[in-house]
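Reader: Could you walk me through this one, a feature at a time? I'll ask, you reason it out.

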Amino acid sequence: MRLFCSIMGSFALSISAHAGFPVEEEQTCPIGGETFTTITSPSCSYGYGGVSMVLSSMSSCDFVSKAPQCPTNGLPLYREFEPEHLPAIEQFMADQAYDEARKISRFLLAARIEAMLPDGTAESVHSILWWGIRTQPALAEDPSYRASYLAAAQSLFEPDKSVREEDPFAYAFYTFMLVLDAQSEKATSNIEILRSLNGENNPELYAAYVNQIEACVLTRDEALCLPSAQINLPVEESE
């Protein structure tokens, strides 16, 4: 399992020469049959403008519709739904919890749906909630959304310690979210674990990220610790 790579791609990759361009695509809601238009792109380049504390970077196709919602019932189309999924989702739509999640974020609603599906996993629920924060960094500071993310992260990382080793970047992000939630003691404990792990796909970024998270435990300097703050990578000295 590599959440960091599978969700985000590698920041170590060079920026592609092919910039994304918008393409309209018609979607049909699996419940209700409503049709609407979303924006996609046949290509996308990542790595513009550095990497933020929620481990996102600008891309050439930030305009792409992410988890687009059916206009009337609000169902987020974050995945392909199987016919056997639909009865449970339709029943959930009648529940007050559906409307409450919908008001907070389409990504929270998507995570709630994912958790109730037979093929939903702790990893997939965590991935959706992290995706939401990467797309809308302000969600990291929303108490309800952050609580949902932390609950999902704890259910993923705490029971199985091997998950931390498989994806140290994801565990580092979880630690950053603990800092934002003022759980400094737990975050400090996690940082000790992070120091023992290896961000093998990008060790320079990993080391800088862990250092900045640790700095945020000590001081909530907005220049360092806002979700949108950039990770301070070492400056290479010119010869």
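Reader: Let's begin with aspartate 95: which two helices does its loop lie between?

Author: Bear in mind that this is a predicted model. Aspartate 95 isn't in a helix run here; its place is the loop with helix H2 (86-93) on one side and helix H3 (96-104) on the other. So the names you want are H2 and H3.

Reader: And which backbone nitrogen lies 2.7 Å from a polar atom of the aspartate 95 side chain?

Author: The aspartate 95 side chain is partly exposed, at 39% relative accessible area for the residue. One of its polar atoms lies 2.7 Å from a backbone nitrogen, and that nitrogen belongs to alanine 97.

Reader: On to helix H8. How does its reach compare with the span expected at 1.5 Å a residue?

Author: H8 covers residues 168-180, 13 residues in total. At 1.5 Å a residue you'd expect 18 Å, and the first-to-last C-alpha distance is close to that, at 19 Å.

Reader: How many of the H8 residues are buried?

Author: Buried here takes a relative accessible area under 20%. H8 is mostly covered on that score, and the count of buried residues is 13 of 13.

Reader: What phi does alanine 182 take, just after H8?

Author: Alanine 182 sits just past the end of H8. Its phi is positive, at about 60°.

Reader: Arginine 146 forms a salt bridge with which residue?

Author: Arginine 146 is in helix H6 (residues 143-157), and its partner is 35 residues away, in the loop between H8 and helix H9 (184-196). The closest N and O atoms of the pair are 2.9 Å apart. That partner is aspartate 181.

Reader: In that pair, is aspartate 181 buried or partly exposed?

Author: Arginine 146 has a relative accessible area of 11%, so it counts as buried. Aspartate 181 comes out at 27%, and the buried class needs a value under 20%. That makes aspartate 181 partly exposed.

Reader: Staying in H6, which residues does serine 148 touch, leaving out those up to four places away in sequence?

Author: Serine 148 is found in helix H6 and is buried, at 11% relative accessibility. Its side chain makes a polar contact of 3.2 Å with the side chain of arginine 112. With sequence neighbours up to four places away left out, the residues touched are Leu108, Arg112 and Leu129.

Reader: How far apart in sequence are the parts that arginine 195 and glutamate 214 tie together?

Author: The side chains of arginine 195 and glutamate 214 meet in a salt bridge, 2.5 Å from N to O. Arginine 195 lies in helix H9 and glutamate 214 in helix H10 (residues 203-218), so the bridge ties together parts whose separation in sequence is 19 residues.

Reader: What is the relative accessibility of glutamate 214?

Author: Arginine 195 is partly exposed, with a relative accessible area of 43%. Glutamate 214 also counts as partly exposed, and its value is 34%.

Reader: Which residue forms a salt bridge with glutamate 158?

Author: Glutamate 158 is partly exposed, at 26%. Its partner is buried, with a relative accessible area of 7%. The closest N and O atoms are 3.3 Å apart, and the partner is arginine 164.

Reader: How many salt bridges does the count come to?

Author: Besides those pairs, Arg79, Glu114 and Asp119 are linked in a network of salt bridges. The count comes to six.

Reader: Now the disulfides. Why does the pair of cysteine 29 and cysteine 70 tie together parts apart in sequence?

Author: Two disulfides are present, and in this one the sulfur atoms are 2.2 Å apart. Cysteine 29 lies in the loop between strand S1 (23-28) and strand S2 (35-40), while cysteine 70 lies in the loop between strand S4 (58-59) and H2, so the parts tied together are apart in sequence by 41 residues.

Reader: Is the disulfide of cysteine 216 and cysteine 225 left-handed or right-handed?

Author: The sulfur atoms of cysteine 216 and cysteine 225 are 2.1 Å apart. Cysteine 216 is buried at 1%, and cysteine 225 is buried at 2%. The torsion about their S-S bond is about -105°, so this disulfide is left-handed.

How values were computed:
Residues are numbered from 1 along each chain as its sequence is written. This is a predicted model: local features need pLDDT of at least 70, side-chain atom pairs count only at pLDDT 80 or more; totals for chains, interfaces and linings use all residues. Side-chain values use heavy atoms; hydrogens and water are left out. Helices (H or I, at least four residues) and strands (E, at least two) are DSSP runs, numbered from the N terminus. The expected span of a helix is 1.5 Å times one less than its number of residues. Buried means under 20% relative accessible area, exposed over 50%, partly exposed in between (1.4 Å probe, protein chains only). A polar contact is a pair of N or O atoms within 3.5 Å; within protein, one must be able to donate a hydrogen and the other to accept it, and residues adjacent in sequence count only if both atoms are side-chain atoms. A disulfide is a pair of cysteine sulfur atoms within 2.5 Å. A salt bridge is a side-chain nitrogen of Lys or Arg within 4 Å of a carboxyl oxygen of Asp or Glu. Contact means heavy atoms within 4.5 Å.
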